[in-house]
Amino acid sequence: MDYIYCSKCGEKNSISEDYCIECGSILRKLDKYESGDRITSFEDMFTQKHKEQLNETPLTNEIYELILDNIYETGKKSLKNKGSTALEKVADVVEAYAKWSYKSKGGELGFYSANNIKLDDRLNDSVQIATLIHELSHHLLAEIHEQILMYFWEVEKTYEIEVFVQYILSSGTVHLMNEYCAHTVEGRFIPHGYQNYGSFNSILEDLKDELDKETAFI
């Protein structure tokens, strides 16, 4: 039997299901550019065939727009619009794409890991909104990269692909790009002058011995 794994909670579902049997999320069946093959180990990921596909398959504007459209439409179908306050409305959008909850420890405003967003509920509403937007940006960037790999390799989404993308986006200079992206998106939704690139600057400081000024755009 063919299966599809929920990108929100990871539950294995029959390919005939439209909604996840565990969390009720829309199941992302990318039949426009997916063959149904699956990567089930990291050894499968780095075959000679897959290396050649990465080198030889062009990522056209049309395919990139298809990927973005698929992500948008999936979220749109999952959006429940149940919130009344600004914070609740933003939380609705986040829930359409990823799981989120309040965290019980740690000093961060919030963080993202493996399709899960954690948020500090002690923050005022405006900071919670900015933090949710920031962390959702991390999730959507990961989703874009996952679907690009799915297109290159003609495979379904699996846990292995998600883990690989999470690792890449949290490593070295790519981590820097990931954090810059999230801060930049956040900055489009908060008052001008209130943006804080604190976590980006912290990563930049950690990587300062590995980067030259031109690379870091300083």
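## Exercises on a predicted fold

Cys 20 has a relative accessible area of 5%, which makes it buried. Here buried means under 20% relative accessible area, exposed means over 50%, and partly exposed is what lies in between, using a 1.4 Å probe on protein chains only. The model is predicted, so to speak a computed guess: local features need pLDDT of at least 70, side-chain atom pairs count only at pLDDT 80 or more, and totals for chains, interfaces and linings use all residues. Residues are numbered from 1 along each chain as its sequence is written, and side-chain values use heavy atoms, with hydrogens and water left out.

**Exercise 1. Work out how many disulfides the model has, and how accessible Cys 181 is.**

Step 1: take the rule, which asks for a pair of cysteine sulfur atoms within 2.5 Å. Step 2: apply it, and the count comes to zero disulfides. Step 3: look at accessibility. Cys 20 is buried, whereas Cys 181 is partly exposed at 24%.

**Exercise 2. Lay out the elements of the protein chain in order.**

Step 1: get the elements from DSSP runs, where helices are H or I of at least four residues and strands are E of at least two, numbered from the N terminus. Step 2: count them, giving eight helices and five strands. Step 3: read from the N terminus, and you get β-β-α-α-α-α-β-β-β-α-α-α-α. Step 4: add two totals for the chain. Of its 218 residues, 42% are buried. Taking contacts (heavy atoms within 4.5 Å) between residues at least 6 apart in sequence, 51% join residues at least 24 apart.

**Exercise 3. Describe how helices α2 and α5 cross, and which residues make the contact.**

Step 1: fit the axes, which are lines through C-alpha atoms, for helices over the stretch in contact, with angles from 0 to 180 degrees between N-to-C directions. Step 2: the axes of α2 (residues 48-56) and α5 (residues 125-153) come within 9 Å and cross at roughly 110°. Step 3: classify the angle. Under 35 degrees is roughly parallel, over 145 roughly antiparallel, 65 to 115 roughly perpendicular, and the rest oblique. The two helices are therefore roughly perpendicular to each other. Step 4: list the residues. α2 brings His 50, Gln 53 and Leu 54, and α5 brings Leu 149, Phe 152 and Trp 153. Step 5: sort them by class. Ala, Val, Leu, Ile, Met, Phe, Trp, Tyr, Cys and Pro count as nonpolar, Asp, Glu, Lys and Arg as charged, and the others, Gly among them, as polar. That leaves four nonpolar, two polar and no charged residues in this contact.

**Exercise 4. Find the buried residues of helix α8 and what they pack against.**

Step 1: in α8 (residues 198-206), pick out Phe 200, Ile 203 and Leu 204 as buried. Step 2: they sit on the same side of α8, because they cover an arc of only 105° around the axis, the arc being that of the directions from the helix axis to the C-beta atoms. Step 3: their packing partner is α7 (172-187). Step 4: turn to Ser 199, also in α8. Ser 199 is partly exposed at 31%. Leaving out residues up to four places away in sequence, Ser 199 touches His 134, Glu 179 and His 183.

**Exercise 5. Locate two residues with positive phi that are not glycines.**

Step 1: Ala 114 has a phi of about 50° and lies in the loop between β4 and β5 (116-119). Step 2: Glu 154 has a phi of about 55° and falls in the loop between α5 and α6. Step 3: check accessibility, which makes Ala 114 partly exposed at 46% and Glu 154 partly exposed at 42%.

**Exercise 6. Place Ile 129 and name its contacts.**

Step 1: Ile 129 belongs to helix α5 and is buried at 17%. Step 2: ignoring neighbours within four places in sequence, Ile 129 is in contact with Ala 86, Leu 87 and Val 90. Step 3: compare sequence and space. Ile 129 and Lys 89 are 40 residues apart along the chain, with their C-alpha atoms separated by 9.4 Å. Step 4: do likewise for Glu 88, which lies in helix α4 (residues 86-97). Glu 88 and Asp 125 are 37 residues apart in sequence and 9.4 Å apart, C-alpha to C-alpha.
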